[in-house]
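Reader: I should like a close examination of one helix pair in this model. Please describe its geometry, the residues involved and its setting in the chain.

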Amino acid sequence: MSLLLTVIISTLLAGLAMPLGAVIARFEKIGSEWLEQEFRHSVMAFGGGALLSAVALVLVPEGIANLNPLPACIWLIVGGLSFMALDIFLKKIETPASQLAAMLSDFIPESIALGAAFATGSSNAFLLAALIALQNTPEGFNAYRELNASSAYKPQKIIIMFCLMAILGPIAAVSGYLWLSDSPQVIAAVMLFASGGILYSIFQDLAPQVKLKNHWAPPMGAVFGFVLGMLGLMLTTS
């Protein structure tokens, strides 16, 4: 299999995790109300853990390896500020798609970085692909529930839309593969920009929603998500 085809398949599978999360949300029915609440909060926590592992284990280490401290910090801060500006804008126009926008804002720059990682022969390329898939599943779950709460979006329409959005991953990854393989500093900037945005999203959208009164299991979802990323890194470097 050619490397370019590997890039396309890897990012497409990672993108299809978005409609997978939507399908889980579509058919998620738990008889007990408290158990259903606990499950949903655990899913959000798991997504936060997977996002955090992508930042801590791949994006930031790869990014700081090719940039000096000052520009590295600047790009990470710019990423956070950009996601904050997007969050403010979506709030002002009162769109029911803030989770969807956050999901795509993570997915596209990560896919660009993934394509570039494959082109440069990075040993963490497959790990990053797996982490993108891990985070896209709970993000798809949350985005579906947010859109489904609006009567303007029918369940089937949302799932089809998520399937179509999965195609954006290969497009972004091929762009990174073809045009950024000889630009390690640009790749590093993209990774750190995405990291800043992800960190903002975790603590703005996910972490405040994880806690349930008198329930302590949901935060363990974050631990499990991070452990999976750590295990992946250990397996690929052993």
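Author: The account below proceeds from the chain as a whole to the pair formed by H4 and H6.

The model is predicted. Its protein chain contains nine helices and zero strands. Of the 238 residues, 48% are buried. Among contacts between residues at least 6 apart in sequence, 85% join residues at least 24 apart.

Two packed helices are described by the angle between their axes and the distance between the axes. For helix H4 (residues 98-119) and helix H6 (residues 155-165), the axes come within 12 Å and cross at roughly 15 degrees. Angles under 35 degrees count as roughly parallel, and H4 and H6 are therefore roughly parallel to each other. Their crossing is right-handed. On the H4 side, the contact is made by Leu 100, Met 103, Leu 104 and Phe 107, while H6 contributes Met 161, Phe 162 and Met 165. These residues divide into seven nonpolar, no polar and no charged.

The pair also takes part in the largest nonpolar core, which has 44 residues. Leu 100, Met 103, Phe 162 and Met 165 are among the residues with the most contacts inside this core, as are Met 18, Leu 114 and Tyr 144. Besides H4 and H6, helices including H1 (3-27), H2 (33-64) and H8 (184-210) each supply at least two residues of the core. Its largest share, ten residues, comes from H5.

Met 103 merits separate mention. Leaving aside residues up to four places away in sequence, Met 103 touches Phe 162 and Met 165, together with Met 18, Asn 136, Glu 139, Gly 140 and Ala 143.

Conventions. Residues numbered from 1 in each chain as written. Predicted model: local features only at pLDDT ≥ 70, side-chain atom pairs only at ≥ 80, totals over all residues. Heavy atoms only, no water. Axes fitted to C-alpha atoms, helices over the stretch in contact; angles between N-to-C directions. Helix = DSSP H or I, 4+ residues; strand = E, 2+ residues; numbered from the N terminus. Parallel < 35°, antiparallel > 145°, perpendicular 65-115°, else oblique. Left-handed = near helix turned anticlockwise from the far one by under 90°. Contact = heavy atoms within 4.5 Å. Nonpolar A, V, L, I, M, F, W, Y, C, P; charged D, E, K, R; others polar. Core = buried A, V, L, I, M, F, W, Y, C linked by side-chain atoms within 4.5 Å. Buried < 20%, exposed > 50% of the residue type's maximum accessible area, 1.4 Å probe, protein only.
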